[in-house]
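User: Hi! I am new to this structure and would love a close look at one part of it. Could you walk me through it in plain words?

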Amino acid sequence: VAEHAHPILVVDDELPLLAAMEWVLADEGWHVETATTGEEALDRAAEREPALVVLDMALPLINGEGVASRLRTMYGDVPIIVVTADGRAEAKARRVGARTYLQKPFNLDDLIDSVRSNLYA
Amino acid sequence: VADERADLRAADQALRDTQARTAFLAEASNVLASSLDYETTLASVAHLAVPRIADWCGVDIVQADGTVRSLAVAHVDPTKVELARELQRRVPYDPNSPVGVPNVLRTGRPEIIREIPDELLAASISEEDLLEMVRDLGLRSSMVVPLIARGHTIGAITLVAAESGRLFTDADLDFATDLAGRAALAVDNARLYRESQELAAHQEAILQQMADGVAITDTSGHVTFRNQAAREIGSSESGHVLDDYVGNPEILTLEGEPFTAEQLPLARALRGETVTDAYWVLRHGDVETVVQGNAAPVHLPDGTLLGVVTTFRDVTAQVTLERQKNAFLSAAAHDLKTPLTSVKALAQMLLRRVERGEQVSGDVVRTGLARIDAAVDRMTRLINELLDATRIQMGTMLELNRAEHDLIALLHQAVQDCQEGTEQHRIVLEAPEMTITGLWDADRIQRVFGNLLGNAVRYSPGGIVRVRLCHHDEDGASWVAVAVMDQGPGIPAGDLAHIFERFYRGANVRDRVAGTGIGLTSAKHIVEQHGGTIEVTSELGRGTTFTVHLPVTPPATEETTSG
């Protein structure tokens, strides 16, 4: 019930991947919201505070780092899981204050584990 | 008493002789020091010597090729000098002669003939008229002293007494040797100076000719020399000292930071280190020059530090290309990993559901597999595009697979593929005709429009992307113009001229939106190989329009029988 109040916000502009992530997280019983651009992600977050954000870095226009910094302004230390195909994933994660990063292509099991450990840490 | 008087007179004469010699030496030294043109100064000394020291004075010099040249012959009477010159011309120089200049040059030891015997003259001169001429000169006594510099005999001074009737003594020889020592030193200094001048001139010519920049600094880092290439590269001007380079915002590391004293190549070289393969960036306003160079300390043989020689070249073009290639590689890897991630995630998602023993609906399976299929297609297109980019870079023409296709159908497919990737944009195709059939390389033409649409979507936040097709005839040929119009941020004017260049990416998107920088380059090649052109117009804040003009090549006309 608590998860319904605070959704998991998944942000990625790669639609098939976004759909797969949404499916498996929903299968685990979490309430999931999605966004395909940085702007949309911030709109969703403004509507309802997310419990956690799965955030792609290479978003057009407002990129992952920009989204993360505005999320920090809105909700302080909301957990962020960085998802990126960039080779410098760890550095990017550190820059946006994310505890966890997933390097593309990743296993959905790892995504679920990361979400779980971040939510119930 | 008479003896005493005679002694006194002799002592008085000796004193006056000493005074005269000292005065002469002082005068001669002044003349020798007056100029580095030693030929002139030695001739002056010879003239100074007559008649005060001797009636005749000659100076001979060993030249670089080993031959001996008479530099000066001095006598108060010019007609007698002319006689001496004639003698020199008619009696060939004999390097093995046991007396005179050849003897002194050979042995390096002074020679004195207190009284010249007539037999000596007769032995030296075989021609009768010459001998008579010499006898008429009344030569009485002679001295020849060597000019010795750093152990080498470089010439000789000849002093001869004649009409004065004086006879040279050991004291005279000591004096002449002293004079020769001073003269030799002056000649040596002048020659060394000239050699160093020549060396410096050669070195400067070499340094100026070098394509690499060369800068020389003293021990404080102050630039004492820069060659032309160094000036063109825009290296620091003279007037700077070491402290001006450290922390200077116009001299940066490759990472864009001002240098610390620990990093600065010049400072390291001044501390004794030979620095090779260092890089630094010179920033003048907006212009950055990347420089690669070496810096080495210059020491005297005794270890004294003279300064630093720095050599460098402008590697801006190479470094820029290297950076673009790296950006391209990581963008290509990124672009390939993105659909790969979708394939993996979709496959795992379907697998999870099956493994959980859940009832998986046909719709879910169909959607998942269709998305996997589309993602694999996207990867295939990307790989083909990378292969084409490699071929283009190697200068090979693309081998078009032309076949009969409907351009409008190809456009529909490209629009549909792109629409599936975005929820923020609406892609609208405006085409007046149902079909435009021609010979096209379908994959590549689709890739061209896929690229243009992909850019339109990637670089604009949302809204309508319009694809407008016009069909017209020109000079009897059939043409289509396809415009792809977005409502994005536009392309800065300075970038517009370069956007079809390989790896080139607009300044306003370079660091924000991932991209390989090859899409437009290969689009241009594909269009041009179809006989068409591609052009771009853009307005900042309003949007960008790419227009592709393609000739419609009709399918080979077959003999058709109709009706």
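User: In which sense do strand S1 (residues 56-62) of chain B and S2(B) pair, and over how many bridges?

Analyst: Happy to help. First, some ground rules: this is a predicted model, in which local features need pLDDT of at least 70 and side-chain atom pairs count only at pLDDT 80 or more, while totals for chains, interfaces and linings use all residues. Residues are numbered from 1 along each chain as its sequence is written, chains are lettered from A and ligands numbered from 1 in the order in which they are written, and side-chain values use heavy atoms, with hydrogens and water left out.

Now to your strands. S1 (residues 56-62) of chain B and S2(B) pair in the antiparallel sense, over 6 bridges. Two strands count as paired if DSSP finds at least two bridges between them. Strands themselves are DSSP runs of E with at least two residues, helices are runs of H or I with at least four, and both are numbered from the N terminus.

You can follow this pairing residue by residue. B:Gly58 has B:Val73 as its bridge partner in S2(B), and B:Val59 stands opposite B:Ala72 in S2(B). The hairpin of S1(B) and S2(B) has 5 residues between the strands, and there B:Gly66 takes a positive phi near 95 degrees.

S1(B) also pairs with S5(B), again in the antiparallel sense and over 6 bridges. In S5(B), B:Thr158 stands opposite B:Gly58.

Let us step back to the sheet as a whole. It is an open sheet of 5 strands in chain B, in the order S2-S1-S5-S4-S3, with antiparallel pairing. At its edges stand strand S2 (68-74) and strand S3 (111-113) of chain B; each has a single partner strand, so one side of each is left without a neighbour in the sheet. From one strand to the next, the twist averages 15 degrees.

How enclosed is S1(B)? Of its 7 residues, 6 are buried, so S1(B) is largely enclosed by the rest of the structure. Buried means under 20% relative accessible area, exposed means over 50%, and partly exposed lies in between (1.4 Å probe, protein chains only).

Two helices belong in this picture. Helix H3 (residues 78-90) of chain B lies across S1 and S2 of chain B and runs at about 160 degrees to S2(B). Helix H4 (residues 100-107) of chain B packs on the sheet, where it touches S1, S2, S3, strand S4 (141-149) and strand S5 (152-161) of chain B; the direction of H4 makes about 145 degrees with that of S5(B). Touching, or contact, means heavy atoms within 4.5 Å. For the angles, axes are lines fitted to C-alpha atoms, for helices over the stretch in contact, and the values run from 0 to 180 degrees between N-to-C directions.

To place this sheet in its surroundings, here is chain B in outline. Chain B has 16 helices and 18 strands, and buried residues make up 42% of its 563 residues. Among its contacts between residues at least 6 apart in sequence, 59% join residues at least 24 apart.

Another open sheet of chain B has 5 strands in the order S13-S15-S16-S18-S17, with mixed pairing. Its edge strands are strand S13 (425-430) and strand S17 (533-539) of chain B, each pairing on one side only. Within this sheet, strand S16 (residues 477-485) of chain B and S18(B) pair in the antiparallel sense over 7 bridges, and B:Trp479 stands opposite B:Pro551 in S18(B). H16(B) lies across S17 and S18 of chain B, at about 25 degrees to S18(B).

Finally, a word on the other chain. The secondary structure of chain A comes to 6 helices and 5 strands, following the pattern α-β-α-β-α-β-α-β-α-β-α along the sequence. Chain A has 121 residues, of which 56% count as buried. On the chain B side, B:Gln348 lies in helix H11 (residues 316-355) and touches A:Phe106, A:Asn107, A:Leu108 and A:Asp109, not counting residues up to four places away in sequence. With 17% relative accessibility, B:Gln348 counts as buried.
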